[in-house]
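The exercises below go through one protein model step by step. Try each task with the sequence and structure in view before reading its solution.

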Amino acid sequence: MSLFLAPIHQLMYDKIHYTDGIASAIADRDPAIRDSLDAHFSSIESDSLAEVIDTSNIHGWLAERVVLAEERLAHAAGLLAETDEEALLSTLEEIGRSEHFNGDAEEAFRFYDGHFLNGMPCDRVHAPLGGEGGDFSWRITQDVHGGYYDDPALYDRMITAWWRGLLAETPLEYDADGDLRRVA
């Protein structure tokens with residue numbers, strides 16, 4: 001248990017905001033989704049981490065926000081998917097495209113891993129396998145997202161759409177096969 005703020009805590013706070021930003025982008029597509037999101041969940045603090053975190057319980061405070069961000073995303077995504085899953089996937093693709101990524105396969109993985117909540121760092125949800133010939137692979141060791149969704153596969157479809165957008169300006173492609181992921 002950390003007794004002081006470290007760079008990893010800021011990284012987690014940034015990932016929380018990235019995830020919540022996606023939930024907000026989805027909710028912005030439909031006022032009813034926005035109303036439902038606001039009615040069911042509290043908002044996530046936007047002040048600097050040092051100003052809002054409970055320094056006596058750093059990991060607990062971050063873990064609560066991770067759950068809140070995941071719940072907000074699943075709620076907004078689930079509501080939009082019920083009526084227009086294509087609009088949902090288009091939103092994720094637009095978010096990925098807005099990153100204007102231009103790097104190699106390993107940099108793409110590092111970008112993704114630095115932005116999405118895939119458990120706490122100590123959970124080791126991603127097991128990088130490395131790559132050769134311009135590709136990069138990793139294994140998902142546990143599903144930390146599916147439990148938030150009525151359709152557990154929805155998160156994977158959303159991430160695939162985000163990857164499609166992220167890699168749109170590159171020759172790279174994202175592939176998911178079971179728990180194995182690859183950018184090549």
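**Exercise 1. A residue in helix α4**

Task: decide whether T91 is buried or exposed, and list what surrounds it.

Solution. The model is a predicted one.
- Step 1: T91 has a relative accessibility of 4%. The cut-off for buried is under 20%, so T91 counts as buried.
- Step 2: T91 belongs to helix α4.
- Step 3: the T91 side chain reaches back to the backbone oxygen of A87, at 2.8 Å.
- Step 4: with residues up to four places away in sequence set aside, T91 touches A25, I26 and R29.

**Exercise 2. The order of the strands**

Task: find the order of the strands in the open sheet, and say which strands stand at its edges.

Solution.
- Step 1: the sheet has 4 strands, with antiparallel pairing, in the order β1-β2-β4-β3.
- Step 2: β1 (126–130) and β3 (174–177) each have a single partner strand, so they stand at the edges and one side of each has no neighbour in the sheet.
- Step 3: from one strand to the next, the twist averages 20°.

**Exercise 3. The hairpin of β3 and β4**

Task: describe how β3 pairs with β4, and name the residues that stand opposite each other.

Solution.
- Step 1: β3 and β4 (residues 180–183) pair in the antiparallel sense, over 4 bridges.
- Step 2: Y174 stands opposite V183 in β4, and D177 stands opposite L180 in β4.
- Step 3: the hairpin has 2 residues between its strands, and G178 takes a positive phi near 65° there.

**Exercise 4. Helices across the sheet**

Task: state which strands α5 and α6 lie across, and at what angles the helices run.

Solution.
- Step 1: α5 (residues 105–113) lies across β1, β2 (136–140) and β4. The angle of α5 to β2 is about 35°.
- Step 2: α6 (residues 153–166) lies across β2, β3 and β4. The angle of α6 to β3 is about 160°.

**Exercise 5. The buried face of α5**

Task: work out how the buried residues of α5 are arranged around the helix.

Solution.
- Step 1: the buried residues in α5 are A105, A108, F109, F111 and Y112.
- Step 2: viewed down the helix axis, these residues fall within an arc of 160°, so they line one face of α5.
- Step 3: an α-helix has 3.6 residues a turn, so residues three or four places apart point the same way.
- Step 4: the cover over the buried residues of α5 includes β1, β2, α6 and β4.
- Step 5: at the N-terminal end, D104 caps α5, with a side-chain oxygen 3.2 Å from the backbone nitrogen of E106.

**Exercise 6. The largest nonpolar core**

Task: identify which elements contribute to the largest nonpolar core, and which residues have the most contacts inside it.

Solution.
- Step 1: this core has 58 residues, and L62, W162 and W163 have the most contacts inside it.
- Step 2: two or more residues come from each of α1 (7–27), α2 (31–40), α3 (49–52), α4 (58–97), α5, β2 and α6.
- Step 3: α4 gives the most, with 17 residues.
- Step 4: beyond residues up to four places away in sequence, L62 touches H9, M12, Y13, I16, L49, I53 and M120.

**Exercise 7. Three loop residues**

Task: say where H100, V125 and H145 are found, and whether each is buried or exposed.

Solution.
- Step 1: H100 lies in the loop between α4 and α5. Its relative accessibility is 54%, so H100 counts as exposed. The phi of H100 is near 50°, a positive value in a residue other than glycine. Most residues other than glycine have a negative phi.
- Step 2: V125 is in the loop between α5 and β1. At 3% relative accessibility, V125 counts as buried. V125 and V144 are 19 residues apart in sequence, with their C-alpha atoms 7.9 Å apart. Leaving aside neighbours within four places in sequence, the contacts of V125 include V144, N118 and R139.
- Step 3: H145 is in the loop between β2 and α6. With a relative accessible area of 6%, H145 is buried. The side chains of H145 and Y155 make a polar contact at 3.5 Å. Apart from residues up to four places away in sequence, H145 touches E70, L117, N118 and Y155.

How values were computed. Residues numbered from 1 in each chain as written. Predicted model: local features only at pLDDT ≥ 70, side-chain atom pairs only at ≥ 80, totals over all residues. Heavy atoms only, no water. Pairing = 2+ DSSP bridges. Axes fitted to C-alpha atoms, helices over the stretch in contact; angles between N-to-C directions. Contact = heavy atoms within 4.5 Å. Core = buried A, V, L, I, M, F, W, Y, C linked by side-chain atoms within 4.5 Å. Buried < 20%, exposed > 50% of the residue type's maximum accessible area, 1.4 Å probe, protein only. Arc of directions from axis to C-beta. Polar contact = N/O pair within 3.5 Å; in protein donor to acceptor, adjacent residues only side chain to side chain.
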